[in-house]
Amino acid sequence: MSDAAHRQTRYVAADPLPDPVALTVPAPTRDIDQARSDLTETGMCILADALSGDQLKRLRDTLDAQAEGERALGDLAPPGANTHRQLVSNLVNKGQVFLDLIEREETDLLAGYLLGKHFLVSSMTGGIFHGPTDEPQALHRDQGQVPATADFPAACNLFWCLDDFTPEAGSTHIIPGSHRWAPEHLINPPAREMSVQVEIPAGSVFSWEGRLWHGAGANRDGSPRRHIANYYCLPWMRQQENWGVTCLQDVIDNASPRLRARLGMRTYGTLGMMSGTRVDADSVSLGNYDVVMPEYIIGEGAALHKVRRPSREDPS
Ligand SMILES: O=C(O)CCC(=O)C(=O)O
């Protein structure tokens with residue numbers, strides 16, 4: 001491995017595996033160094049006891065209420081809202097309790113380890129089962145858009161487990177070590193028999209990197225198996241959610257500098273700029289700087305077009 005390979009991150013890579021085999025699922029740990037070493041070796045880790053009882057209750061209650069509200073939207077409900085596996089997307093707009101997860105120490109220590117200190121929020125989604133489901137999700141890799149030859153994580157998931165993850169409840173199928181497989185084994189999904197279903201106590205952070213084969217299990221016992229998925233990516237990668245359109249103005253206005261940066265309101269080198277318009281902020285020619293939402297976009301013939309972003313104040 002050349003010294004240049006992981007210069008932008010603190011990620012320590014393990015050697016490729018000679019054959020596409022599954023390693024053992026690492027045990028839950030409270031030790032962050034062990035968790036990071038598990039990420040290197042197996043591509044996943046389980047950080048136990050990250051959430052207190054109170055935090056769990058607040059996250060569960062807020063997610064339940066949001067999920068119920070979205071199911072009641074009828075024709076305007078997001079796709080899948082009224083099925084047995086509801087995903088509640090774009091949680092950045094849906095409560096401070098969710099935004100707080102982005103700024104937690106565990107997030108910097110795990111996502112920052114894999115992706116470096118300038119990582120971005122790619123999406124934030126809650127998940128909840130409302131009854132049994134027939135089929136497990138197809139095995140996939142979260143950085144399937146990145147060439148399989150990329151020998152580094154370009155994305156990672158931090159699942160805040162709000163209930164116990166058990167096979168009966170549809171816990172995730174995963175193939176530990178598959179991030180170290182040769183590229184030809186990272187294109188078509190391997191046989192499901194190679195995967196194991198994780199067992200994770202509520203309150204843990206379950207994290208895996210973007211090259212790892214995995215997929216949600218089928219829920220057999222009808223229990224909710226709730227989670228909050230924080231999906232992060234490298235600062236030069238396209239985000240899963242189009243924040244420029246769907247992040248409420250109020251969220252950006254009330255965000256700390258660090259949260260704004262995670263949502264893409266800070267440049268990474270020459271990426272993420274708001275060019276060709278005037279803003280009351282200094283830019284830096286070679287270096288990162290916070291961007292400011294412009295009041296006007298300059299259009300054809302230098303016409304000024306007022307920027308109108310959705311806000312909590314907007315009438316429905
Ligand atoms: O819910 C899970 O266990 C995994 C979900 C997943 O991988 C996905 O939605 O892409």
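**Entry 1: Asp 64 and Arg 226**

I began with Asp 64, which counts as partly exposed because its relative accessibility is 27%. I note here that the structure is a predicted model. I then looked for the partner of Asp 64 and found a salt bridge with Arg 226, the closest N and O atoms being 2.8 Å apart. The two residues belong to distant parts of the chain: Asp 64 is in helix α2 (residues 53-71), Arg 226 is in the loop between β8 (214-215) and β9, and their positions lie 162 residues apart in sequence. I asked myself whether Arg 226 is buried or exposed. Its relative accessibility is 11%, so I recorded Arg 226 as buried.

**Entry 2: a second partner for Arg 226**

I next found that the side chain of Arg 226 also meets that of Asp 163 in a salt bridge, at 2.8 Å from N to O. Asp 163 lies in the loop between β4 (155-161) and β5 (173-174), and Arg 226 in the loop between β8 and β9, so this pair ties together parts that are 63 residues apart in sequence. I recorded Asp 163 as buried because its relative accessible area is 12%, under the cut-off of 20%. As background, I wrote down that side chains of opposite charge can pair when their charged atoms come close.

**Entry 3: Arg 266 and Asp 290**

I turned to another salt bridge, formed by Arg 266 with Asp 290, where the closest N and O atoms are 2.9 Å apart. Both residues sit in the loop between α7 and β10, 24 residues apart. Arg 266 is partly exposed, with a relative accessible area of 31%. Asp 290 also counts as partly exposed, at 36% relative accessibility. I then returned to the earlier residues: salt bridges that share partners join Arg 60, Asp 64, Asp 163 and Arg 226 into one network. For the whole structure, my search gave 14 salt bridges.

**Entry 4: the two domains**

I looked up the domain assignment, which gives domain 1 as 32-233 and domain 2 as 243-306. The centres of domain 1 and domain 2, taken over C-alpha atoms, are 29 Å apart. I asked how many residues of each domain are in contact with the other. The count is 15 residues of domain 1 and 14 residues of domain 2. About 1,300 Å² is buried between the domains, and carbon and sulfur atoms give 53% of this area. Asn 93, Glu 103 and His 118 supply 38% of the area that domain 1 buries against domain 2, more than any other three residues.

**Entry 5: contacts across the interface**

I found 3 salt bridges across the interface of domain 1 and domain 2. I also looked up the salt bridge in which the side chains of Asp 108 and Arg 258 meet, at 2.4 Å from N to O. Between the domains, 11 residue pairs are in polar contact. On the side of domain 1 that touches domain 2, α3 (96-102) and β3 (120-129) each supply at least two residues. The largest share of that side, 5 residues, comes from β3. By class, the side of domain 1 that touches domain 2 has 7 nonpolar, 5 polar and 3 charged residues.

**Entry 6: two buried residues**

I located Asn 230 in strand β9 (residues 227-233). Asn 230 is buried, with a relative accessible area of 0%. Its side chain makes a polar contact of 3.1 Å with the side chain of Trp 160. Beyond its sequence neighbours up to four places away, Asn 230 touches several residues, including Leu 101, Ser 123, Met 124 and Cys 156.

I then located Leu 263 in the loop between α7 (257-262) and β10 (296-298). Leu 263 counts as buried because its relative accessibility is 7%. Among the residues that Leu 263 touches are Val 92, Val 121, Trp 243 and Val 251. Leu 263 and Val 251 are 12 residues apart in sequence, and their C-alpha atoms are 9.9 Å apart in space.

**Entry 7: helix α1**

I closed with helix α1 (residues 32-42), whose buried residues include Ala 35, Arg 36, Asp 38 and Leu 39. The buried residues of α1 pack against β1 (44-47), α4 (105-115) and β7 (205-209). At the N-terminal end of α1, Asp 31 acts as a cap, with a side-chain oxygen 2.9 Å from the backbone nitrogen of Asp 33. After α1 comes Gly 43, whose phi is positive, near 85°.

Conventions. Residues are numbered from 1 along each chain as its sequence is written. This is a predicted model: local features need pLDDT of at least 70, side-chain atom pairs count only at pLDDT 80 or more; totals for chains, interfaces and linings use all residues. Side-chain values use heavy atoms; hydrogens and water are left out. Domain bounds come from an automatic or database domain assignment. Contact means heavy atoms within 4.5 Å. Buried area is the accessible area (1.4 Å probe) that two parts lose on being put together, summed over both. A salt bridge is a side-chain nitrogen of Lys or Arg within 4 Å of a carboxyl oxygen of Asp or Glu. A polar contact is a pair of N or O atoms within 3.5 Å; within protein, one must be able to donate a hydrogen and the other to accept it, and residues adjacent in sequence count only if both atoms are side-chain atoms. Helices (H or I, at least four residues) and strands (E, at least two) are DSSP runs, numbered from the N terminus. Ala, Val, Leu, Ile, Met, Phe, Trp, Tyr, Cys and Pro count as nonpolar, Asp, Glu, Lys and Arg as charged, and the others, Gly among them, as polar. Buried means under 20% relative accessible area, exposed over 50%, partly exposed in between (1.4 Å probe, protein chains only).
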